[in-house]
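Biologist: Could you teach me how to read burial and strand pairing in a model?

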Amino acid sequence: MRRRRGALIAAALLAQLAAGPSHAVAAGWEPTEQCGVVRGGDGPLGGAQVTLYQAGDGEGSRPRVLGRARSAADGRFTLDYRRPEDPRAVLYVVADFGRERRGTAHSAVALAAVLSGAAAPPELVVNERTTVATAYALARFTGPDGVTGTYPGLQNAAAVAHNLADTGTGEIAAPLAAPPNGSQTSTMAEFNTLADLLASCVTGDACDRLLDLARRPGHERPRTTLQAAVDIAHDPGNNAAALFDLAATTPRYGPALPAAPDAWTVALRYDGNGHEVDGPGNLAFDADGNAWITNNYVYKADRLVPTCGGRTVLKFTPTGQDAPGAPYQGGGLYGAGFGVTVDAKGSAWVGNFGFQGRGCPIDPTRLERSVSQFAPDGTPLSPPDGWRGAGIAQPQGMSADRAGTVWVANCGSDSVARIPDGDATRAREIATPGVQKPFGTSVDPAGRLWVGGNGSDTVQVVGPDGTPGPTVSGGGLSKPLGVATDSRGNAWVSNSGILPVPCGNSSVDDLANAVATEAGPRPGTSVTFIGSDGTPAPEPFTNGGLFLPWGVAVDGDDTVWVANFGGHRVARLCGVNLAACPPGYRTGQPISPAGTGYTSDGLERNTGVQIDPSGNVWLANNWRTVPIQTNPGGHEMVVLIGAAAPVPAPKLGGPAQP
């Protein structure tokens, strides 16, 4: 009996090996059964081949098939498989009809759902909504062979998919359905309209039309509904109006959009615990993809109630919740502004600009001359009054490099502070005679610091050792704010035009006097490109929806993203890697719609923008766009899901793909 049992086990293993290496079962994996149902629109889909995959891990790897089943007439299926030992393994399901219905109208139907990243539901639902969630969240990890990626980007992306669709019901997930999303923005309606768009093929007869419209310029036509959704996520402005018209032919999910968007970006808002975010200024990601976020003010919901300087630094998980113990206090925190970075050792650094309203009991001059430092777990490493000296005065932009150096732009003392190896006791001041009111900073791949002068229409380069380099002027530089460097050492600088940040007086009222109205973009609103040799392009870039541009970020494809303090929009420009742009595009040409950019009613006045390791674009809703206010701070972070090429974290000198 024992010999017969051993022979049966050996035969089973040989059968698995004969099926190919992707079916091999690793020793010690846990047997698991997963029930589910495939649905299209309001009804079940029988006859679908349902395949469970483990996503590939790293460059050159391929997804592994863990199990297969066939959906019955009522759409139900059962997958028997062995759960991978690796707790970080990303699992996803694809239900398709391609092999059995090839050449028919519905051979393009492929629906998907992410199984990992949240507790597995008793019954997994695979439908158009879960497919849109999978396509957008995993857009930057999905290729012709399936899903492949590395930690933490892939794992975080899988978790974010569950913020969009509930795989246990096939309905809208709670984070998307509830405030600060839900009925407060149009994203839920847009998400439903995208599901309707896929339904035009799944339950309708518009597959060819969908695949034609979803095709990205310069790329092959997608073959399935899943691939079509991925392509739309990559190029959301392509054929936006025509795709909306197609979705309207098959209304299945509601509420839906009443009119076509300018682009199919999915903007999800995060507000942590709902009563902590007030004036987020900027953010930086740590090695696990958590977002460290500066907070200008103490949280108060009423915009008419004056508020004082924020005393916390926020830390959001990749899915928008508070990290353990967050928000963090101490270390001299008060009225943080635009300055935040994570260094090579994982410490988070925050610049205390001293933002506050009128009538606050604290003299801001006592606290606006320091930076705060925190351990990865939020423990303050700086003294109760923060790290001082080295000319630190109203610090704004901050950057870190691969050697461990932390840089601080001293907006109030026309200098930068260099903190070698993250040791603030060895910090020294470096004069920047070429710039006044140093504001935005970025470290390039060579370790050079680029710092813009908001009061001088110039940018200065500082060597890795602190040696002052050339000063750049011209090229449209005008009251620059954000600075970002690309993988080739070029710099991209946002020009606010006539929006000087008041380093001499940091009250809310004074800054409010400098804010533009919503009448339209101001003169000088543009982005300047500066070559790695310090030579600016002859003319700045002025299109793509630029409207009081502030923060700048460069993604893993060297594409440029610009936050705007006006217009409820983000701009996306073609960078130096022309292969990542539509065919025929030039460096600086807008990829986002030329007149509007990527707009969203979830955006307000945005300052900071950064790209996470999953390819999500994070923007800080720094100020609200409402009149008559003494507490102008915005209350959310806004995340464009899967919109950009991922960037490794922490950012230590120029972007690069993970």
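Modeller: We will take a helix, then a sheet. This is a predicted model, where local features need pLDDT of at least 70, side-chain atom pairs count only at pLDDT 80 or more, and totals for chains, interfaces and linings use all residues. Residues are numbered from 1 along each chain as its sequence is written, and side-chain values use heavy atoms, with hydrogens and water left out.

Biologist: Why is helix 7 described as largely enclosed by the rest of the structure?

Modeller: Buried means under 20% relative accessible area, with exposed over 50% and partly exposed in between (1.4 Å probe, protein chains only). Helices (H or I, at least four residues) and strands (E, at least two) are DSSP runs, numbered from the N terminus. Helix 7 spans residues 225–234, and 9 of its 10 residues are buried, so the rest of the structure largely encloses it. Among the buried ones are Leu226, Val230, Asp231 and His234.

Biologist: And how does strand 24 pair with strand 25?

Modeller: Strands of a sheet pair through backbone hydrogen bonds, either parallel or antiparallel. Here, two strands pair if DSSP finds at least two bridges between them. Strand 24 (residues 438–443) and strand 25 (residues 449–453) are antiparallel, with 4 bridges; one partner pair is serine 442 and tryptophan 450. Their hairpin has 5 residues between the strands, and glycine 447 in the turn has a positive phi of about 90°.

Biologist: What is the strand order in the open sheet?

Modeller: The order is 24-25-26-27, with antiparallel pairing. Strands 24 and 27 (468–472) are the edges, each pairing on one side only. Strand 25 also joins strand 26 (residues 458–462) through 5 bridges, where leucine 449 partners valine 462.
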